[in-house]
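Here are a few exercises on a two-chain model, each with a worked solution. Have a look at the structure, then try each task before reading on.

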Amino acid sequence: MAKLLTTEQMAEFANSGCLFFDELIDEQTNKEFLDDIGHTEIDEVDSVQDYYRNIKATSSIPRIPAGTKLKDAYPKGSPLEKIFSHEVVDGAIKSLVGSNTIIDHQFLHITFPTKYFKQANQRQMSQQNHQDSTIDPRSTFDVQLFYFPTEVTKAMGGTRYHPGTHLRIVNEFGIAKYQNILGQKSIVCKPGTIGIFHSGLWHGAGVNISENIRYMFKVRLQPTEKQELLWDPEKKYQPLPNRALYWTDESKDKTINDILMRSYPWQEADTNRLDKINVVKFWRLLTGHKKMDVDYWLTRIENELY
Amino acid sequence: MAKRQKVLVLYLKLPSLEGEVISWATFDGTGKKLHMTGDSDEPPYPTGLDALLDGWRLFQASQAIPEHPGQEFRTSYLKHEFFFEKLEEGDF
C-alpha cells in the first residue's frame, strides 16, 4: 500500500525542491544491489570505463527505453524493483508524478576517490553546478530519485545541492560559474537513503577525497497526468486565510504557509520576493486552488482595476 | 618577475557593493591554489566593499536590465555579479 506524502511534505517539496528519506531501504536490499553491480575495492579498479562495462555486462539493471512505464521497468525480485515497491518510495512517486509515471532515463553515478586519479595521473575536480537537463520552462515538473546504497561520508563528497533553486529557469551548466553558493548542502547519509529532487534543482557531484567508491543510482521520472492533489485524493487541503503582514503576531503556531514562505541565504534581496511568488504559483498548480495566496504576494499585484 | 592574474567573482544580495556575498568563485592564475566547485561554505568576504578594502580591483559589474514585459516574475541566474582582480608578481 503506497504511503502518500503529507501536505507538510508537499509544502516542503514546493519550497525547497527536495525531500529525503534517511536509511529507508533495508540492509539486505542494499547488499543485494551492491552485489548485483559487482561492487569492489578501488585497488581492483583499473579504469572507469572497464568498471562501468563490467557493471553493464553483469548487473540486473536493464536497458530501459525512454518513455517506459516505471511499473514495467525492473525485473521482478531485483533490488531496484524492491526499492521502487517500497511503500514510502511508491507513495512519494505517486504523490509527485502520479500512478502512471514513465522513465526518462536512469544512470548509476560512480564517483572515484583520490587514489584513482593519482594512479591515472589526472586532475581531480568536483562536478560544477548544473540543472538537468536543458532549459525547461514548463509548469509540469519531473522528479529525479536518488538511491544511495552505501554510507556517504563528508570526505566522499556527496551530491551537492542548493535548496530553493528549483523554480529558477536556467540552462544546464549555465550556472557552472557559481563555485560556491551560500547555504549549499551535500548529501551525507547512511546506507539506503533516498532523495527526491524537483528536476529544476541546482546540483553537482562533490569531489571524493575518501578511500572508497561513491555510488548514486538515479532515475528521472515524468508524469503522464496533471500533478494536482495527487497526494490528497480526498481533496482535504484548504488554503489558510490571510494573516497580518510585517506587524505580525508571533504567538500564532507555524503553519503550512510558513513552510511555503521559507527564505534561503543565497537569494538576492529583490529576487527573493519573486522566488516566493513563484512558490505560490507552484502551490496553486499543485493544489488546484487557482486563486489561493500566501502573505498577499499575488493578491496585491492581481488587484488590477484598469 | 612575471605577473599573474587572480580573479574573484562575487555575487551580492544587492546591486551595490555594500551587499552581502551570496555566491563566490576564485580562479588563481598563479597556480598556487586550485579552486573548485563546492570547496568552501563560508564566503571570502562579508560584502563586496570588504573585497575592495582588501586590495581587490573591480573590473566588471552586472548591469541593471529591466524585466521583459510578460516575464516579470521569471527568476533565473544570480543577478548582481562583480568581477575583481589582483595581480601577483613572482617566478611562475
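**Exercise 1.** Which residue stands opposite B:Leu12 in E2(B)?

*Solution.* First, the ground rules. This is a predicted model, where local features need pLDDT of at least 70 and side-chain atom pairs count only at pLDDT 80 or more, while totals for chains, interfaces and linings use all residues. Residues are numbered from 1 along each chain as its sequence is written, and chains are lettered from A and ligands numbered from 1 in the order in which they are written.
Strands (E, at least two residues) and helices (H or I, at least four) are DSSP runs numbered from the N terminus, and two strands pair if DSSP finds at least two bridges between them.
Now follow E1 (residues 2-12) of chain B along E2 (residues 21-28) of chain B: the two run antiparallel, joined by 7 bridges. The partner of B:Leu12 is B:Val21.

**Exercise 2.** Place this pair in its sheet and find the edge strands.

*Solution.* The open sheet has 5 strands in the order E6(A)-E2(B)-E1(B)-E4(B)-E3(B), with antiparallel pairing. Its edges, each pairing on one side only, are E6 (180-181) of chain A and E3 (57-61) of chain B. Where the chains meet, E6(A) and E2(B) share 2 bridges, and A:Asn180 lies opposite B:Trp24.

**Exercise 3.** Is B:Leu58 buried or partly exposed?

*Solution.* Start with its location, strand E3 of chain B. Next, count neighbours: 15 other C-beta atoms lie within 10 Å, so B:Leu58 is partly exposed (buried means 20 or more, exposed 12 or fewer, partly exposed in between, with C-beta atoms placed from the backbone).
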